[in-house]
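Q: Could you take me through one part of this protein up close? I would like to look at the place that carries a binding site annotation, and at what surrounds the residues there.

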Amino acid sequence: MTRRTIIIGISILSLCLIGGALLFNLRSDQDNLPSLASEMGKPQTVQSLTEAPSTTPIESIQQPTAEVLSQRVSEYHINVALNEKEGTLTGSETLTWTHPGKKTVNELYFHLYPNAFASAETTFMKESGGKLRGDAMPKDGWGSMELTEIRTSDSISLLHRVQYVQPDDGNVKDKTLAKVRLPVSVRGGESITLKVNFTVKLPKIFARMGSAGDFVMAGQWFPKLSVYEPAGTRGVATEGWNLHQYHGNSEFYSDFGIYNVKINVPNNYTVAATGFPTKAAVIDGDRKTVQYYADDVHDFAWSASPNFVYAEEPFSSPDVPGVRIKLYLDPAHKDLKERYFYAAKVALSNFSKWYGQYPYSTLSIVVPPAEGNGAGGMEYPTLITSFGASSDSPGYEELERTVIHEIGHQYFYGMVASNEFEEAWLDEGFTSYIEDKLMEQEFGITANLPIQAAMISSPVSLTQVSWKYGSSDNYAKNVYYRGKLVLRDIENQVGSKTMNRILSTYAHKYRFKHPTSTDFQKIVEQVTGRSWKPYFKQYVYDGEMADYSINSITVKPISQDKSPLYESTVSISRNGATTPKVPLLFTFKDGHTTHKVWTGEDNQIQMKLEYKEPLVWAMIDPDYSLVLENKHINNFFNADIDKTLRTRSNLGIVKLLESLLGSFLW
């Protein structure tokens, strides 16, 4: 839907907003946010790019390159076996950690994410209420992780040294973070190797992981080290571990490293995984073992099913030297592979052009079955999941937008690896912004920004930890919507070319690093050559929104001769954060209009206009260019409406809009 230019009368404005809310097709997954577009604006067919489909369904074998792109703090060698009948994983990992700081370390900390699903008393379950992105925890679908052994490289057992810790909320029922006291100290630059045995009871698929029938999504499935931050990393003054439990709203934060993973599954299963296979599957009776390798990544995920329809295509562009795009389709979407390939190709080619070369040799897309939708719409290094195949004819919002959004995360989360526990907008807000850009460019689908802004009823700081937002609704409205709108607002102020240079500079400078909001602010200031401190304080650190209102219009005749003249006085207030240019539109009785621009800094102004006819109505921001204004209801004032009626009408419309918008939130 295009933005409205002139809305005559408060009732028309309200009806348009109500209509927009009713049409607003808000998805159930927070990674794919709403847009409105006419069907005429969408392409009727999707054309294939230059590469021809692969003639073989066999996954290609590759080998690592010598190029080192990251610090590679950790190295994991993991063997895992799926027991498809019991719904369990049995694994062992040999982990080598190289101390990136200077202080002596006497303990390591592990994330044990599957324990979030161990009971209703875990921090994740209490905060989420057993729901995430529209999906509910299946009945009796509990899952967990158990450490069965931890030994040093010289076989000293450390299992008795494991202590579960809850630094965020003190919930002793939460076992998603564990401390392991070491028998030796590790100094800066030194390495330590541990051997860890573990078992995972897969939950019934929920919150990005688990099993649904014979479909398995192994996300956050192995004991994973926390991040040790040297002084200066993300602005920390004192080095140390960054420690958080698994929360209802939070995602993840890890160091870059190397993963070498062997996965044992039934012989009829197809496996999708981060990275690429380094050798052909080893068959042993009715089971097989596949081996995957990935480097310069900060996570490793895999999925398996006997029902996947596999397809693979090579792809290259001026900014993508060469990548193999791999599809693992649910049978319901076997005829949609060209749409998946096209979405992946336009995402890789454009994002690489805008934000730097995609450095990996593979990109895998997993399409879960309908009953596995809890695993859908998620990003992992070199592997993403689409939504569950609940429809054999999904719309652009469901298929293309999801794929584009998750591939966008390969850049903002994957390579520009922000801390999703503490500054989630740096991945979700940025990815939502670039997703909108590409959806409009390739498919003609334009996001309805005024409606999205209007939904932000409780703006809060974008730099607070994820679990402090409260509900998942408020988390999404701030992290996804408001985070994206901040970027759109900066673009409106500096222009598209400068904004492109800002994001390109940021993406290149912090590639394979862990940046903060302050780092991004410095890039904005560097590229534009001016201070953005007041702006970031209001909209990023303090969590404000713009809110301008017209309070009254008074009209008095100042000449009644042959040439009548009227003086109209309009009272305008600033009720929220400042914005540099506030457009104003004034319409007089004979249809004459006047446009003015206010600096928007004063708390209140009286604007006087002289004209031969009285002023009929006035409107702030008639083109909805102030993307960070969330209370459009007070932007319009009709001079001729009775004051009592106006008050009653406005209050009624506000309540109706609040009710409607609230009902559309996921």
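What follows is a walk through that site, residue by residue.

A: Happy to! Keep in mind that this is a predicted model. Let's begin with the record: an unreviewed UniProt entry places the feature "binding site" at His405, His409 and Glu428. These residues span 24 residues in sequence, yet no two of their C-alpha atoms are more than 9.1 Å apart, so they gather at one spot.

Now look at histidine 409. You will find it in the loop between α4 (400–408) and α5 (410–415). Its relative accessibility is 0%, and because buried means under 20%, histidine 409 counts as buried. Its side chain is joined to the side chain of histidine 405 by a polar contact of 3.2 Å.

Next comes glutamate 428, which sits in helix α6, made up of residues 425–443. Glutamate 428 is buried too, with a relative accessibility of 1%. Follow its side chain and you reach histidine 409 again: the two side chains make a polar contact of 3.0 Å. So histidine 409 has a side-chain polar contact with histidine 405 and another with glutamate 428.

One more residue is worth a visit while you are looking at α4. Arginine 401 lies in that helix, and with a relative accessible area of 0% it is buried. The side chain of arginine 401 makes a polar contact of 2.3 Å with the side chain of glutamate 435.

Conventions
Residues numbered from 1 in each chain as written. Predicted model: local features only at pLDDT ≥ 70, side-chain atom pairs only at ≥ 80, totals over all residues. Heavy atoms only, no water. UniProt positions renumbered as here; feature names shortened; annotations may be inferred. Helix = DSSP H or I, 4+ residues; strand = E, 2+ residues; numbered from the N terminus. Buried < 20%, exposed > 50% of the residue type's maximum accessible area, 1.4 Å probe, protein only. Polar contact = N/O pair within 3.5 Å; in protein donor to acceptor, adjacent residues only side chain to side chain.
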